[in-house]
Amino acid sequence: MKTKAVLIYILLLICIYSAAGQDPGYVYNLKQLIDSALQNNYLIKANEKQSAVKQSDIELLRLTYQPTISASATASVWKFLLPNKQRLLGNSLTDVYTDISVYQTIYEWGENKVRKSAIKDEILLNEEIKRQLRSTIIWGVEDTYYEILKAESEVTVHHNTLYQLRTHLRYAEALYKIGKVSGVDVLKINVQISVEEKALQKSVNSVLAHQIKLGRLCFPERPHPLLIEGHIDTISTSNLSRILIPDSLYKQTLDNHPSIKAANLKITLEDKQKEIARLLNRPELYSYGNGTWEHGYIPFGKNFNYNIGVGIRYTIPYFGGSGYKTKMLQSDLRVEQINDEKAQLFVDLLREIDITLNEIKDIKEEISNNKKIIDLARETLENASVLYQGGQGTIIDVLDAQTILSEATINYQKSTIAFLQAFSKLRYLTGNDNNPY
């Protein structure tokens with residue numbers, strides 16, 4: 001049974017190395033995993049392209065005061081010429097007409113400036129969306145990473161437990177041979193070994209499943225199971241004594257969370273859209289120029305005429321021209337809507353922070369309790385083993401103490417990792433989008 005379990009574990013490791021297509025001696029640390037996930041995420045790449053699109057909108061607005069030039073040319077044949085045409089074309093029945101027009105905005109009451117400011121806010125909004133993406137990706141990688149550590153810690157404990165059980169089995173077989181115990185003791189230990197091997201196999205499968213998930217998060221173009229750097233023995237728990245102040249976390253969330261900041265930018269944008277709608281009811285001052293050539297044939301060099309001037313255009317704010325009022329009303333309603341969504345979002349974040357803080361408190365108590373249970377279970381196991389080996393105890397006492405020790409060790413290591421996992425969640429809830437490692 002021991003050989004079978006070891007072979008299964010080795011085969012799984014070989015599969016991981018083969019799928020990774022890399023040196024089996026290389027492992028990833030958490031910082032490398034997060035950096036890779038951020039670099040390879042398609043949504044972040046799309047977000048960066050969206051920023052470039054918005055930047056080009058600013059370039060377009062810079063053309064507002066540039067003259068717009070258009071040209072047209074027509075060629076036609078007349079059946080007969082009216083007197084005014086005859087003076088231009090002579091006796092020719094053909095008519096070649098060329099027109100060049102120039103239009104330039106002189107003043108539009110600051111609408112262009114407001115639009116440019118709105119686009120800059122859209123770029124900032126896009127950056128906050130990017131921060132939210134980064135924060136979510138970092139939390140997803142961290143959470144999966146810690147789940148792998150939990151599963152790996154189970155594998156280690158099950159291996160140690162199997163070693164202890166096989167040690168108990170050797171003592172039981174020796175005692176059975178000299179007639180101090182019955183064959184039932186040997187059978188019970190073998191049953192417990194089978195149960196432990198099944199639990200080991202389940203833990204190994206869990207490690208592989210989370211490694212595959214992490215590979216998909218960090219390397220979407222070539223996903224593969226990953227070997228990670230990290231051991232429960234090396235994880236610091238110095239934060240156990242750290243005091244977390246809820247009000248400080250609430251303020252940090254309000255000031256820093258990208259979703260909250262994005263809502264504030266949306267409100268600012270709606271205010272500027274309202275201002276743009278208001279400016280639609282302002283007259284536009286513009287200049288224009290028009291030059292024409294008309295003759296009966298090509299090329300031509302006479303009959304040139306031009307017209308230049310300054311004009312003002314104004315849309316009367318009634319009937320179809322009153323649409324700007326509806327747009328202003330829509331902006332007011334959207335601001336109210338965004339404020340309501342922002343308030344609910346903040347309440348949801350506060351609730352999650354409170355739940356996480358309570359989880360951290362429970363985890364601290366669980367770590368302390370599990371540590372006590374481990375110490376007591378280890379002492380109980382040592383005493384029960386000594387008594388059993390001396391022919392005075394029962395195998396049930398040994399197996400019970402071994403089971404309690406294994407379960408407490410697993411729970412202790414899981415709760416230690418869960419403590420770090422909860423701190424990662426707090427960073428996510430407060431809107432931290434920087435790689436903390």
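# Reasoning through a predicted model

Q: Which residues is Ser-135 in contact with, leaving aside its neighbours within four places in sequence?
A: In this predicted model, the partners of Ser-135 are Tyr-428, Gly-431, Asn-432 and Asp-433. What makes each of them a contact is having heavy atoms within 4.5 Å. Ser-135 itself sits in helix 5, which spans residues 111-177.

Q: How do you know whether Ser-135 is buried or exposed?
A: Buried means under 20% relative accessible area. Ser-135 has 2%, so it is buried.

Q: Across the chain, what share of residues is buried, and how is the chain built?
A: Of the 437 residues, 38% are buried. The chain contains 10 helices and 4 strands, and their order along the sequence is α-α-α-β-α-β-α-α-α-α-β-β-α-α.

Q: What share of the contacts with a separation of 6 or more joins residues 24 or more positions apart?
A: Such pairs make up 82% of those contacts.

Q: Why are Glu-294 and Lys-85 said to meet in a salt bridge?
A: The rule asks for a side-chain nitrogen of Lys or Arg within 4 Å of a carboxyl oxygen of Asp or Glu. Here the N to O distance is 2.4 Å, so the pair qualifies. The two are 209 residues apart, with Glu-294 in strand 3 (residues 284-295) and Lys-85 in helix 4 (residues 83-89), and the pair links distant parts of the chain.

Q: Are Glu-294 and Lys-85 buried or exposed?
A: Glu-294 has 9% relative accessibility and Lys-85 has 18%. The cut-off for buried is under 20%, so Glu-294 counts as buried, and so does Lys-85.

Q: What makes Arg-313 and Glu-284 a salt bridge?
A: Their side chains meet at 2.6 Å, N to O, and the limit is 4 Å, so this pair passes too. Arg-313 lies in strand 4 (residues 304-313) and Glu-284 in strand 3, 29 residues apart. With a relative accessible area of 45%, Arg-313 is partly exposed, whereas Glu-284, at 16%, is buried.

Q: Which residues are joined into one network by salt bridges that share partners?
A: The network joins Glu-128, Arg-131, Arg-134, Lys-261 and Asp-433. You may recall Asp-433 as one of the contacts of Ser-135. The chain's count comes to 25 salt bridges.

Q: How do you know that Arg-62 and Glu-59 form a salt bridge?
A: Their N to O distance is 2.8 Å, and a bridge needs a distance within 4 Å, so the pair is counted. Partly exposed lies between 20% and 50%. Arg-62 has 47%, so it is partly exposed; Glu-59, at 40%, is partly exposed as well.

Q: What makes Glu-359, Asp-362, Glu-365 and Glu-366 a patch of negative charge?
A: Asp and Glu count as negative, and a patch takes residues with over 30% relative accessible area and no salt bridge, joining like charges within 9 Å. These four gather in such a patch on the surface. Take Glu-359, in helix 9 (residues 323-389): at 33% relative accessibility it counts as partly exposed, and 33% is over the 30% that the patch rule asks for.

Q: How much area does the chain expose, and what do carbon and sulfur atoms supply?
A: The chain exposes about 25000 Å², and carbon and sulfur atoms supply 57% of it.

Conventions:
Residues numbered from 1 in each chain as written. Predicted model: local features only at pLDDT ≥ 70, side-chain atom pairs only at ≥ 80, totals over all residues. Heavy atoms only, no water. Patch = residues over 30% accessible without salt bridge, like charges linked within 9 Å, V, L, I, M, F, W, Y side chains within 5 Å. Areas by Shrake-Rupley, 256 points an atom, 1.4 Å probe, with all protein chains shown as cover. Charge placed at Lys NZ, Arg CZ, Asp CG, Glu CD. Buried < 20%, exposed > 50% of the residue type's maximum accessible area, 1.4 Å probe, protein only.
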